Amino acid sequence: MVPRSAATSLPSVITWIAAAGALGVCGSGGRLEPARASSSPAGAPAPLTSSGPAATLGATGSPPGVMVAVIRNDGILLPYAAFSGGTWDSPRPGWRHTGDEDDTSGPDDPGKSWFEMIGRTITTWHAAASAGRSETLHVSGAVRVQVDCTDNWGLSTDRKPVGKKSEAGWPAGIALSGDAAAVAMRDVAGDAGEARAFLELIRAPFDESEAAAKVAPAQQASIKLTGLYRSQGTVDGRAIYFVEAERDYTVTSPGGVCGPVTRFQAWITRQGDAWRWLDRIVCLTDCDGKEANDVTPLGILSLDGRTYVFAVENGYEDTRYSVLEVGASAIGHLLTIGEGGC
């Protein structure tokens with residue numbers, strides 16, 4: 001993308017325009033449409049393919065045995081996916097898989113009665129705590145909430161609010177119904193030692209990804225780590241990481257040009273001393289980040305011999321909840337549900 005403020009057509013700007021196609025410019029709604037590098041230190045295999053949506057769950061009026069919900073900072077639960085027959089799907093009436101024009105239900109939609117039914121039948125949920133201990137949440141009923149600019153419904157609980165009032169709607173973690181136990185994903189970007197180690201780990205792959213996309217800036221910019229998440233402990237013997245970084249070339253651009261910025265995201269596992277790249281993508285945007293996709297991994301579940309990651313993804317004006325599967329050498333989306341948008 002060429003920033004709106006780029007009124008000139010200088011050679012460096014033209015270079016970035018040409019590079020955009022090779023990078024795989026971020027897609028609509030903030031979804032990344034990435035170009036993957038051809039190789040990485042441990043290879044960069046293509047992501048797993050989805051097993052496809054299951055039939056609508058909960059159609060009989062009974063909730064499935066295992067459901068996942070996002071916990072907001074204000075303690076409200078937003079259930080969004082259920083596991084049945086080896087497949088994840090969204091059981092709530094009115095929700096649609098991302099890609100449809102309308103992703104969420106209105107306040108008079110059947111979604112309200114569905115939440116009331118869930119609130120009556122699943123009164124206890126178990127939150128994945130970063131300290132490694134499960135936290136029990138008790139549901140008191142359905143409550144009207146807002147996600148981005150969309151009115152919706154959630155489940156009120158006895159969990160005490162955390163953070164600032166202005167951050168009430170931010171994701172704080174995940175909770176599961178039933179007996180399945182999840183492991184939290186911790187934000188460890190503030191750990192100076194770990195942050196330095198990951199900057200060194202991703203430096204060469206970041207350079208390789210830009211080179212594969214034929215990005216040729218006049219002057220190299222430094223890498224800034226913008227996100228680093230790690231599983232609390234190991235899952236099936238592996239520690240799972242998500243890392244996000246960027247290079248902002250604003251200072252090397254012609255006067256008045258905002259950006260460009262390259263965003264780098266990667267999923268990595270560590271088993272003992274062995275590191276494996278599951279996926280890495282690079283995306284071209286500018287300094288307002290409107291084309292970028294921000295990912296917040298919240299928790300991990302090992303179920304029936306398979307490993308799943310639950311995440312919140314934010315575009316510039318929309319919020320999505322996802323289920324990803326972590327394989328031996330790749331990771332891929334199984335389900336993405338649109339929750340709100342402006």
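User: Ala, Val, Leu, Ile, Met, Phe, Trp, Tyr, Cys and Pro count as nonpolar, Asp, Glu, Lys and Arg as charged, and the others, Gly among them, as polar. On that basis, how is the lining of the largest pocket divided by class?

Analyst: This is a predicted model. In it, the lining of the largest pocket has 19 nonpolar, 10 polar and 8 charged residues.

User: And what volume does the largest pocket have?

Analyst: The volume of the largest pocket is about 820 Å³. Its lining is made up of 37 residues.

User: Which residues lie nearest the centre of the largest pocket?

Analyst: Those nearest the centre are Pro171, Ala172, Gly173, Thr296 and Leu298.

User: Which strand gives the most to the lining?

Analyst: That is strand E13, residues 294-303, with 5 residues in the lining.

User: What does E13 pair with?

Analyst: One partner is strand E8, residues 182-187, which pairs with E13 in the antiparallel sense over 3 bridges. Within this pairing, Ala184 has Gly299 of E13 as its bridge partner.

User: Which strand is joined to E8 besides E13?

Analyst: Strand E9, residues 224-231, is joined to E8 by 3 bridges, and the two run antiparallel. Here Arg186 stands opposite Arg230 in E9.

User: Let us step back. How many helices and strands are there?

Analyst: The protein has 3 helices and 16 strands. Of its 342 residues, 49% are buried.

User: What share of the contacts comes from residues far apart in sequence, 24 or more positions?

Analyst: Counting contacts with a separation of 6 or more, 60% are between residues 24 or more positions apart.

User: What is the accessible surface of the protein?

Analyst: The accessible surface is about 14,800 Å², and carbon and sulfur atoms hold 49% of it.

User: Changing topic to the backbone: which sign does the phi of Asp236 have, positive or negative?

Analyst: Asp236 has a positive phi of about 55°, although the residue is not a glycine. Most residues other than glycine have a negative phi. Asp236 sits in the loop between E9 and strand E10, residues 239-248.

User: And what is the phi of Asp304?

Analyst: Asp304 also is not a glycine, and its phi is positive, at about 55°. Its place is the loop between E13 and strand E14, residues 306-314.

User: Why does Asp236 count as partly exposed, and why is Asp304 classed as exposed?

Analyst: Asp236 counts as partly exposed because its relative accessibility is 48%, while exposed requires over 50%. Asp304 is exposed because its relative accessible area is 63%.

User: Where is Gly289, and is it buried or exposed?

Analyst: Gly289 is in the loop between strand E12, residues 274-285, and E13. Gly289 counts as buried because its relative accessibility is 13%, with buried meaning under 20%. The C-alpha atom of Gly289 is separated by 8.9 Å from that of Gly315, 26 residues apart along the chain.

User: Back to E13. What is Ser302 in contact with, leaving aside its neighbours within four places in sequence?

Analyst: Ser302, which lies in strand E13, is in contact with Val235, Asp236 and Thr307. The Asp236 in that group is the residue with the positive phi of about 55°.

User: How far apart in space are Ser302 and Val326?

Analyst: C-alpha to C-alpha, Ser302 and Val326 are 9.7 Å apart, with their positions 24 residues apart in sequence. Ser302 itself counts as partly exposed, since its relative accessibility is 34%.

Methods. Residues numbered from 1 in each chain as written. Predicted model: local features only at pLDDT ≥ 70, side-chain atom pairs only at ≥ 80, totals over all residues. Heavy atoms only, no water. 1 Å grid on protein atoms, 1.4 Å probe; cavity = no way out; pocket = protein on both sides within 12 Å on 5 of 7 lines; lining within 4 Å. Points joined across faces, edges and corners; volume = space filled by probe spheres on them. Helix = DSSP H or I, 4+ residues; strand = E, 2+ residues; numbered from the N terminus. Buried < 20%, exposed > 50% of the residue type's maximum accessible area, 1.4 Å probe, protein only. Contact = heavy atoms within 4.5 Å. Areas by Shrake-Rupley, 256 points an atom, 1.4 Å probe, with all protein chains shown as cover. Pairing = 2+ DSSP bridges.
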